[in-house]
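Got your viewer open and your selection syntax warmed up? Load the model below and follow along, one stop at a time.

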Amino acid sequence: MNKQGSVLRRPRTLAICACLTALALALSYCERFIPVGALIPLPGIKLGLANIVTLFALFALGRRYALAVMLTRCLLSAIFSGQPMALLFSVCGGLLSLLTMSLAMRSRHLSIYGVSILGAAAHNVGQIAAAMLVMHSTAVFYYLSTLLFAAIITGALTALAASGVLRALDKSGLLRRK
Amino acid sequence: MRKKRGESPYDDYSRDESLSDMYRRKPRWGDYVTVAIIGLAAAVIVLLLVGGTGDTVVITHIGETLERVDLSVVSGEPYTYTVHGVYTTVVTIENGEAYISQSTCPGQDCVHAGAISKAGESIVCLPNQVSVSIEGGYLDVLSK
């Protein structure tokens with residue numbers, strides 16, 4: 001990669017990352033008002049709207065920026081909600097999810113949908129692992145099956161949203177390099 | 001500031017993709033395989049964990065077993081057990097099923113989780129680190 005090019009790009013990418021982090025925080029707050037739990041009676045189940053941002057950052061900016069946005073979001077969200085325990089869960093899920101997604105992206109046979117579904121599934125696995133750690137018990141593992149089914153649906157919805165955003169922003173020229 | 005393609009960080013993952021589907025927005029066959037594998041994994045977990053014989057309810061707090069109750073023994077009067085952790089969680093057993101009837105935890109997910117009656121099923125209260133499970137799922141049987 002051209003060094004000079006990336007340096008010139010930096011302020012703009014930084015600004016985009018800041019916007020994305022703010023957007024992710026807003027989305028994870030709004031998510032509390034969508035009662036997914038009423039549809040599927042499972043503790044802690046949610047749509048994962050903030051993952052739209054991570055997915056978008058991954059596809060449009062690359063994994064480094066996606067990681068930065070995700071970690072900042074987790075940290076700020078834990079500070080705002082005042083629950084340090086939430087940090088463990090979101091970071092465990094987020095890191096495993098991002099790692100899986102960036103690996104999945106290497107396969108040419110997967111589109112944004114497959115990558116997103118794998119990411120959602122990995123996120124749930126990470127959270128269950130964190131829960132096992134907190135509980136000192138494997139009882140939580142029972143929830144994994146339902147969470148995996150849910151990941152297929154939420155992952156596909158997340159990809160649908162991110163795909164729409166990518167199309168719109170690509171058309172608008174914001175992501176274009178020319 | 002005009003640049004040739006391939007110079008910006010935005011190109012990292014899209015350089016080799018055709019322009020029409022640069023961000024891989026259209027489903028590919030690998031996606032369907034992914035869905036099938038995850039669905040299968042979820043089904044296998046259910047089949048392995050739930051079912052089998054056993055009706056002993058085990059209540060644990062941070063990995064420590066507090067109480068073991070036989071589901072079938074409780075008849076008539078509901079049996080209740082209160083766990084005093086950071087919060088207070090009340091487990092009720094009646095009519096062959098166990099559920100968390102009351103909890104002072106924020107979120108109340110454990111109360112909304114409903115009742116369990118089959119071997120291998122669990123209810124978890126994460127904030128209070130309490131779990132209620134029914135022993136005797138296939139995995140329990142195998143590990144003995």
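This tour goes through sheets, a nonpolar core and a pair of packed helices.

One thing before we start: what you're looking at is a predicted model.

**Stop 1: the four-stranded sheet**

Select chain B and show strands. Here you'll find an open sheet of four strands, ordered β2-β1-β7-β6, with antiparallel pairing. Now colour residues 64-70 (β2) and 122-125 (β6) of chain B: these strands stand at the edges. Each has a single partner strand, so one side of each is left without a neighbour in the sheet. Looking across this sheet, neighbouring strands are turned by 15° against each other on average, ignoring direction.

Stay with β6(B) and add residues 130-134 of chain B, which is strand β7. The two run antiparallel and are joined by four bridges. Which residue of β7(B) stands opposite S122(B)? Click across and you should land on S133(B).

**Stop 2: the three-stranded sheet**

Still in chain B, move to the open sheet with the order β3-β4-β5, where three strands pair in the antiparallel sense. The edges here are β3 (79-84) and β5 (97-103) of chain B; each has a single partner strand, so one side of each is left without a neighbour in the sheet. The twist in this sheet averages 25° from one strand to the next.

Select residues 88-94 of chain B for β4, which pairs with β3(B) over six bridges, antiparallel. To pick out one bridge, show Y81(B) and its partner V91(B) in β4(B).

**Stop 3: the nonpolar core**

Next, put F56(A), A57(A), A121(A) and V124(B) in spheres. In the largest nonpolar core, which has 79 residues, these touch the most other members. Helix α6 of chain A, residues 112-135, gives the most to this core, with 13 residues. Chain B takes part as well: domain 1 (9-49) and domain 2 (56-143) each supply at least three residues.

Zoom in on A121(A). Setting aside neighbours within four places in sequence, A121(A) is in contact with L148(A), A151(A), G155(A) and I38(B).

**Stop 4: two packed helices**

Keep α6(A) on screen and add helix α5, residues 84-104 of chain A. At what angle do α5(A) and α6(A) pack? It's about 145°, with the axes 7 Å apart. The crossing of α5(A) past α6(A) is right-handed.

To finish, show the contact itself. On α5(A), the residues making the contact include L88(A), F89(A), G93(A), S97(A) and M101(A). On α6(A), look for G114(A), L118(A), A122(A), H123(A) and Q127(A), among others.

Notes: Residues are numbered from 1 along each chain as its sequence is written. Chains are lettered from A and ligands numbered from 1 in the order in which they are written. This is a predicted model: local features need pLDDT of at least 70, side-chain atom pairs count only at pLDDT 80 or more; totals for chains, interfaces and linings use all residues. Two strands pair if DSSP finds at least two bridges between them. Axes are lines fitted to C-alpha atoms, for helices over the stretch in contact, and angles run from 0 to 180 degrees between N-to-C directions. A nonpolar core is a set of buried Ala, Val, Leu, Ile, Met, Phe, Trp, Tyr and Cys residues joined through C-beta atoms within 7 Å. A residue is buried if 20 or more other C-beta atoms lie within 10 Å of its own, exposed if 12 or fewer, and partly exposed in between; C-beta atoms are placed from the backbone. Domain bounds come from an automatic or database domain assignment. Two residues are in contact if their C-beta atoms, placed from the backbone, lie within 7 Å. A crossing is left-handed if the near helix is turned anticlockwise from the far one by less than a right angle, and right-handed if clockwise.
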